[in-house]
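Visitor: Please take a close look at one loop of this model for me, and then go on from there to its surroundings and to the spaces where other atoms might sit. I would like a careful account that I can follow with the structure open beside me.

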Amino acid sequence: MADTNALLALAGRHLLKTYKQPPLVMTRGEGCRLYDTDGRSYLDLYAGIAVCVLGHAHPALVRALTEQAARLGHIANLYYNDKQIELAAQLCARTGMDRVFFTNSGTEANEGALKLARRWFFTQNDPERTGIVATWSSFHGRTMGSVAMTGTPKYWEGFGHRLPGVSQVKYGDLDAMRRRVNDRTAAIIIEPVQGEGGVLPAPPGYLQGLRALCDETGVLLIVDEIQTGIGRSGKYLAVQHEGVVPDVLTLAKGLAGGVPIGAFLVREKYAEALAPGTHGSTFGGNPLACAAALAVFETLDREGLIEGAAAKGAYFLSGLEGLAAKHPALVKGARGRGLLCGLVLADHVEARLVLGAMRDRGVLIAQAGDRVLRFAPALVISEAELDEGLAALDAVLTDMTREAT
Ligand SMILES: Cc1ncc(COP(=O)(O)O)c(C=O)c1O
């Protein structure tokens, strides 16, 4: 067995300290369980932050990766590869979009979307039309374009000038967006549920309102479904609950069930914005990642996991609402969509303390901001496992109440 202390000492010496990690080293996963170097098991209710939709080591994913690694791993985009073409066709069929560009992460997908929107107006002889309107408390990634769109100023600090032409308005406020958009605006970028910003679903009618605004003004609607996409919301895309089709759609996280991949998808009208040579990626859409994504699609269909996410999500949310009612001094309420749920804590309760206490009980969750617990389990999770998570949370909140009195 690996020596935990020796590994932690090496981590302390050699990894940049960008993450606040507890002293645990994970070595293995199976389904919704993770195992650390000391052999302790954990119930995983965050799935690599909404990534491992099939859980850990799903046989279909393992098989697809093993077979593809033995056949063809990487060739770059100098030539077509069969898996990328098949995946692009599947993505378009499932999303209603027309064309795909593959990246390796969510932030790259958003960078590509931003470049496409700006270049579209360049090709329309309107090169000054470069404005991007995003929303406060949004999260779009950590590269310079995505960080500028991200509506959380702490992520901007210390990195010099932000990308010009990018601004934010209040999330959910259609009038504010209408006032901000003008003839210099190229695109609006929006999450259908703000994930990092606190698991905050868009208010009813907001996304349709943005669609109508974009139709009126010619502004491109970029929908960031990096966290909400691939079935997590209970439909393939969260915008499908609202009947909204974006002009540009960004995906990543769950797309290949844990193998790094991202994508931006566009409607045909805008496809010519990125002509040969205007954008590229060495790794994007490589056969290994695309084979994994194809296995994810096939498994989502075969196991009925997207419909399952809607039902399990409703079940879990009602459990969280029950806990909110039982612990009103600690919890303000619960919200979410499908298997992306948040528990909103009272102003005096720090999410990280609840996370730590849950971990001590063998249950792993994430946070969204300082006051929201975020649950984004694998779509393969069982009701029994969800119950186990709810029971641990109930026990933690009961302990906290007892300590406070
Ligand atoms: C909505 C959203 N957009 C973009 C990103 C960035 O994705 P990545 O970390 O893969 O770059 C994230 C990651 O959390 C996200 O939740």
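**A loop, the ligand and the empty spaces**

Guide: A57 lies in the loop between α2 (47–50) and α3, and, since you will be reading backbone angles from it, please keep in mind that this is a predicted model. The phi angle of A57 is near 55°, a positive value in a residue other than glycine. The helix that follows this loop, α3, covers residues 59–71 and includes A64. A64 is buried, because its relative accessible area of 16% falls under the 20% cut-off. A64 also has a partner from far along the chain: A291 is 227 residues away in sequence, yet the two C-alpha atoms are 6.2 Å apart in space.

The backbone feature of A57 has a counterpart in another loop. V199, although it is not a glycine, has a positive phi of about 50°, and its place is the loop between β8 (193–194) and β9 (200–201). V199 counts as buried because its relative accessibility is 0%.

A third loop, between β10 (220–224) and β11 (248–251), holds T228. T228 has a relative accessibility of 3% and is therefore buried, and its side chain makes a polar contact of 2.8 Å with the side chain of E225.

From these loops we can turn to the ligand. The ligand is surrounded by 13 residues, of which the closest are G106, T107, D224, Q227 and K253. Some of these can be followed down to single atoms. A polar backbone atom of G106 is 2.8 Å from an oxygen atom of the ligand, whereas D224 brings a polar side-chain atom to 2.7 Å from a ligand nitrogen atom. K253 likewise takes part through its side chain, with a polar atom that lies 3.1 Å from an oxygen atom of the ligand. Taken alone, the ligand exposes 390 Å², and the protein buries 82% of that. Helix α5 (residues 106–123) provides the largest share of the surrounding shell, three residues. Sorted by class, that shell consists of seven polar, four charged and two nonpolar residues.

The open spaces come next. The second largest pocket has a volume of about 860 Å³, and it is lined by 28 residues, those closest to its centre being Q84, R99, V100, F101 and F102. At least two lining residues come from each of α4 (82–95), β4 (99–103) and β12 (262–266), and α4 gives the most, with five residues. The lining of this pocket divides into 16 nonpolar, nine polar and three charged residues.

There is also an enclosed space to consider. Rolling a probe the size of a water molecule over the atoms shows where empty space is left. In this structure one cavity of 30 Å³ or more is found, and the largest cavity has a volume of about 40 Å³. Its lining is made up of P192, P201, A202, L207, A238, E242 and R337. By class, the lining of the largest cavity has five nonpolar and two charged residues, and no polar ones.

Note on methods:
Residues are numbered from 1 along each chain as its sequence is written. This is a predicted model: local features need pLDDT of at least 70, side-chain atom pairs count only at pLDDT 80 or more; totals for chains, interfaces and linings use all residues. Side-chain values use heavy atoms; hydrogens and water are left out. On a 1 Å grid over the protein atoms alone, a cavity is a set of points where a 1.4 Å probe fits but cannot get out, and a pocket is an open set with protein on both sides within 12 Å along at least five of seven lines; lining residues have an atom within 4 Å of a point. Grid points are joined across faces, edges and corners, and a volume is the space filled by probe spheres set on the points. Helices (H or I, at least four residues) and strands (E, at least two) are DSSP runs, numbered from the N terminus. Ala, Val, Leu, Ile, Met, Phe, Trp, Tyr, Cys and Pro count as nonpolar, Asp, Glu, Lys and Arg as charged, and the others, Gly among them, as polar. A residue is near a molecule or strand if one of its heavy atoms lies within 4 Å of it. A polar contact is a pair of N or O atoms within 3.5 Å; within protein, one must be able to donate a hydrogen and the other to accept it, and residues adjacent in sequence count only if both atoms are side-chain atoms. Accessible areas come from the Shrake-Rupley method with a 1.4 Å probe; for residues, only the protein chains shown count as cover. Buried means under 20% relative accessible area, exposed over 50%, partly exposed in between (1.4 Å probe, protein chains only).
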